[in-house]
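The report below describes selected features of one molecular structure, with attention to helix packing, cysteines and backbone geometry. Please read it alongside the sequence and the coordinates.

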Amino acid sequence: MNMQKLLQHYTVNPEHIWLQVNSHPISGGFEPHAHQFYELIVVLNGSAIHVCNHHRCRIGSGDFLLVEPEMEHEFHIRDSISVLNILFLPGVLEHLSRELAGAPLFSTLIEPGNSGKVYHLAEQHLIHVLRHGDKAMEEQCKALPGYRLAVESCFYELLLLLCRHGVTAEERAPRFFPEQIRVLVEYMEQHFRDGLTMRHFLTVAQMSESSLLRHFRMHTGETPARYLMKLRLESGAKLLSSTELSVSAIAYQSGFQDGNYFSHQFRKHYRLSPREYRQKSRSANFYVNDVKGYQGPPRGEMPECHRTPKTQ
């Protein structure tokens, strides 16, 4: 792919920041290349092998990384992948370093030598990244007075989300659980749709209630009840994204007996109602061709600046 043509196609503010969305075909990919700007990559959907700084790793939905200027990198795509690319010049980071100095991930992200290191953002936060991406693209296409400022604002909010809620591979790695807690966690993950109670937890773990609560929180950071709630909400989120089931049916299949209670807890956790989440999660397909039967953007024809340039 001709990088210069790509930049010309997606230029928002040639002095500071570019935003682009790429939807790679099944046999596509990028040959080894380097550029004079930073490239922030957020994976929205799909997977690929990314090679940077002689390090090869698989990236998938929710993963993000920053590639330094002049650093050669490449993608190998076996299936398909949709990524949000934010390209910006080094000067953009200068005034951000002071503002984001207290965010540990920001310092790690921009540290020399960490180019291409993969971080991860949980699904409930990725949906907000999509929202900022949507807003930036809308501003870019309309090009109303002040649109460059609006696009930069979306970039800063997006970067702040990544720095506040992103985690390193080490932090994301499975924790070591003592045998009794491991058995209980596995049981909850297999039976979260059932009407589990503390009595079930105590029977499975073979511990007293006070000991279970203390050890479970120590090793998971949650109470058993809260951990169970998160499993059910994550199940609901996946069904909202991938099925046409009603909210009530999804609530029932995820272990809730009351659709209203499910909606209340879902909004509390994801800061979106189930219907809003479904709509936003489907907007991820706005960036991907022919994924999950997507037939096009929800509002008429796709604006020209949203189209994905074809690889040659």
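## Helix packing around α7

Helix α7 and helix α10 (residues 224–242) pack at an angle of about 35°, with their axes 10 Å apart. Axes here are lines fitted to C-alpha atoms, for helices over the stretch in contact, and angles run from 0 to 180 degrees between N-to-C directions. The helices themselves (H or I, at least four residues), like the strands (E, at least two), are DSSP runs numbered from the N terminus. This is a predicted model, in which local features need pLDDT of at least 70 and side-chain atom pairs count only at pLDDT 80 or more, while totals for chains, interfaces and linings use all residues. Residues are numbered from 1 along each chain as its sequence is written, and side-chain values use heavy atoms, with hydrogens and water left out.

α7 passes α10 in a right-handed crossing; a crossing is right-handed if the near helix is turned clockwise from the far one by less than a right angle, and left-handed if anticlockwise. The contact, meaning heavy atoms within 4.5 Å, is made by Val185, Met188 and Glu189 of α7 and by Pro224, Tyr227, Leu228 and Leu231 of α10. These residues divide into 6 nonpolar, no polar and 1 charged, where Ala, Val, Leu, Ile, Met, Phe, Trp, Tyr, Cys and Pro count as nonpolar, Asp, Glu, Lys and Arg as charged, and the others, Gly among them, as polar.

α7 (residues 179–191) also packs against helix α8 (residues 198–205), at an angle of about 135° and with the axes 9 Å apart. α7 and α8 are therefore oblique to each other, given that angles under 35 degrees count as roughly parallel, over 145 as roughly antiparallel, 65 to 115 as roughly perpendicular and the rest as oblique. The crossing of α7 and α8 is right-handed. On the α7 side, Gln180, Val183, Leu184, Tyr187 and Met188 take part, and they meet His200, Phe201, Val204 and Ala205 in α8. The residues of this contact of α7 with α8 comprise 7 nonpolar, 2 polar and no charged.

With helix α9 (residues 209–220), α7 packs at an angle of about 80°, the axes being 11 Å apart, and α7 and α9 are therefore roughly perpendicular to each other. Ile181, Leu184, Val185 and Met188 of α7 make this contact with Leu212, His215, Phe216 and Thr220 of α9. The residues of the contact of α7 with α9 fall into 6 nonpolar, 2 polar and no charged.

Arg182 lies in helix α7 as well and is partly exposed, with a relative accessible area of 29%. Buried means under 20% relative accessible area and exposed over 50%, with partly exposed in between (1.4 Å probe, protein chains only). Arg182 and Ala205 are 23 residues apart in sequence and 8.8 Å apart in space, C-alpha to C-alpha.

## The chain as a whole

The protein chain has 13 helices and 10 strands, and buried residues make up 49% of its 312 residues. Of the contacts in the protein chain with a separation of 6 or more, 71% are accounted for by residues 24 or more positions apart. One residue in a strand is Leu44, found in β4 (residues 38–52), which is buried with a relative accessible area of 5%. Leu44 and Val129 are 85 residues apart in sequence, and their C-alpha atoms are 9.1 Å apart in space.

## Cysteines

How many disulfides does the count come to? Taking a disulfide as a pair of cysteine sulfur atoms within 2.5 Å, the count comes to 0 disulfides. The sulfur of Cys57 is 8.6 Å from the closest cysteine sulfur, in Cys52, and this is too far for a bond. Cys57 is buried, with a relative accessible area of 14%, and Cys163 also counts as buried, at 4% relative accessibility.

## Positive phi in two loops

Two residues have a positive phi although neither is a glycine, namely Glu70 and Arg271. The table sets out their places and values.

| Residue | Phi | Loop | Relative accessibility |
|---|---|---|---|
| Glu70 | about 70° | between β6 (63–67) and β7 (73–76) | 56%, exposed |
| Arg271 | about 60° | between α12 (259–270) and α13 (274–283) | 69%, exposed |
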